[in-house]
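Q: I would like to learn how to read a helix and a chain contact in a model. Please take me through one of each.

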Amino acid sequence: MKVTDKDVAYVADLANLELTEQERSGMVRDLNSILAYIDRLNELDTSNVPPMAQVSDRYGVDEVKQGSARFAYASREDVLEGLRKSLPHEVALENAPDADEDFFRVPKVIER
Amino acid sequence: MDLTSLTIDAARSAVQERKTTALALAEAHYARIQKEDGQIGAFLTLSKERALEQADRIDRMAAEGKPLPPLGGVPVGIKDVMSTRGLRTTAGSKILEKYIPPYDCTAVAKMEAAGAMVLGKMNCDEFAMGSSNENSAYHPVRNPRDLSRVPGGSSGGSAAAVAADMAVVTLGSDTGGSIRQPASFCGVVGLMPTYGRVSRYGLIAFASSLDHIGPLAKTVKDAAIVLRTIAGRDPMDSTSADVPVPDYVAELEKPVRGMKLGVAKEYFGEGLDDEVRQAVESAIDKLKQLGCEIVPVSLPHTPYAIPTYYLIATAEASANLARYDGVRYSHRARGVKTLSEMYRRSRDEGFGTEVKRRIMLGTYALSAGYYDAYYLKAQKVRTLLTRDFDDAFRQVDAIVTPTSPTAAFRLGEKSNDPLAMYLADIYTVTADLAGIPGISIPCGQTSEKLPIGLQILGKHFDESTILRVAHAYEQA
């Protein structure tokens with residue numbers, strides 16, 4: 001067993017999930033079964049293989065350039081409302097479970 | 001004229017030539033949905049007002065004798081992971097049960113600009129996570145060919161609606177096989193374009209480096225027409241490619257004689273159902289008779305595709321789904337006292353088991369101490385899997401495989417074993433990881449009359465070739 005109850009509680013905390021007692025024990029079982037299968041990746045020697053994060057790196061990146069200039073294909077002029085108009089205030093708030101006229105409302109953040 | 005069994009061109013010409021109207025087409029499809037969808041469950045939301053408004057616009061054009069756009073009067077369905085302005089979009093999840101998007105997904109906007117009538121939103125696995133459509137938070141979809149079986153997933157509603165003549169075409173999304181596998185299970189055509197070919201703007205993100213939008217259709221030509229409509233660079237998606245879009249429909253008629261088709265032994269190994277193997281082998285024979293040359297190729301890293309996929313997809317999903325926090329647009333739990341409690345309880349109530357499982361796996365793979373062993377390792381194997389295809393495509397024009405190792409399985413058969421469910425994607429995930437296009441077309445059926453799918457994979461941005469091979473097979 002690689003993943004313990006404690007690991008599941010820790011990861012659930014990172015992911016902002018609570019999980020019931022029953023869900024946690026199911027999660028320990030499922031994650032261990034999936035990770036055991038995933039372990040077969042260790043059969044491969046990848047020490048000299050570069051990681052691939054994006055397919056678009058294949059057709060857009062300018063290999064000659066350095067840093068963010070490599071990704072010039074994905075950038076655009078920084079113009080105010082250059083692509084589309086921003087959502088009007090009231091439209092952006094329409095789907096909020098709780099809002100006043102100007103802001104999303106949430107429970108108190110700062111404890112006294 | 002049977003209004004619910006038409007192809008795109010037949011429907012459009014019938015409206016253009018005033019043999020019927022867009023309104024009659026829409027009404028006929030809604031009548032069919034009313035009759036059939038109670039037992040199938042392909043639709044989550046109907047958008048009759050929106051469809052009829054479009055019908056009116058198209059009918060007025062036809063009455064004035066104006067040429068109709070390519071999808072003029074064609075009834076379509078949209079997978080419920082694509083945002084539709086003013087029309088509820090749930091992603092199959094309770095957490096977005098009341099979400100009304102303020103803007104349209106680019107692919108949907110292009111479909112409507114081309115004259116399509118959006119009948120409604122299609123059921124799917126929650127956040128497109130699943131291979132059977134049993135993970136929908138609303139209700140499962142049943143396979144129109146056999147109601148005791150799943151339609152595949154995650155675009156199960158999109159595939160079932162086309163198979164049951166409740167829509168002429170639908171849009172689906174494919175992250176690990178979610179267009180091609182349900183197309184195969186339901187006996188329709190499903191096309192996943194090259195990554196970057198179709199804008200993802202407005203597609204609710206599952207795994208951003210793997211998500212693709214594409215059509216499910218009754219014929220290869222219909223899939224080509226839809227791809228021609230939705231393809232192209234979109235400034236709203238920086239990963240959409242600035243690569244010229246050919247006329248896929250004109251390309252269909254080019255000959256396939258002399259074309260080299262690869263067959264990889266890794267796609268015919270253990271776990272492949274005998275009847276599926278036989279059907280795919282006969283399809284390969286037929287392609288040979290059409291003048292294609294069959295060339296053995298090797299894709300040696302194929303056995304590592306599923307573990308690679310389930311690390312990368314879940315890692316990306318854990319980040320993408322962090323936005324559902326109960327603040328801006330998603331479900332919020334009642335009676336919470338602190339912000340932290342609000343996040344946790346809202347997410348606990350809003351997400352289903354499979355979504356939580358994948359968020360957990362992805363968070364684990366990205367967490368301190370495990371990043372190199374899991375996420376980085378998977379990204380490196382992704383390079384190897386992509387190189388396999390690069391090597392193969394130096395020898396062949398396309399690769400033919402089964403779409404899925406089995407025909408449609410029964411509801412409940414795999415729902416308690418996540419790993420068994422993940423293995424249903426074994427022949428489809430690699431194309432998503434490499435970003436190459438793939439199509440599934442029907443190639444016969446099992447002794448139980450269940451459809452079998454043939455998958456054709458192509459080079460980056462070479463949808464024309466796989467469409468041409470698929471069309472030649474379909475017409476032969």
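The turns below take a helix and then a chain contact.

A: This is a predicted model: local features need pLDDT of at least 70, side-chain atom pairs count only at pLDDT 80 or more, and totals for chains, interfaces and linings use all residues. Residues are numbered from 1 along each chain as its sequence is written, and chains are lettered from A and ligands numbered from 1 in the order in which they are written.

Q: How far should the 16 residues of helix H9 of chain B span?
A: Helices are DSSP runs of H or I with at least four residues, and strands are runs of E with at least two, numbered from the N terminus. The expected span is 1.5 Å times one less than the number of residues. For H9(B), residues 274-289, that gives 22 Å, and the end C-alpha atoms are 23 Å apart, which agrees.

Q: Which residues of H9(B) are buried?
A: An α-helix has 3.6 residues a turn, so residues three or four places apart point the same way. A residue is buried if 20 or more other C-beta atoms, placed from the backbone, lie within 10 Å of its own, and exposed if 12 or fewer. In H9(B), Val276(B), Ala279(B), Val280(B), Ala283(B) and Leu287(B) are buried. On the other side, Asp274(B), Asp285(B), Lys288(B) and Gln289(B) are exposed.

Q: Which element of chain B gives the most residues to the side that touches chain A?
A: Two residues are in contact if their C-beta atoms, placed from the backbone, lie within 7 Å. Here 55 residues of chain B contact 44 residues of chain A. H13(B) gives the most to that side of chain B, with 10 residues.
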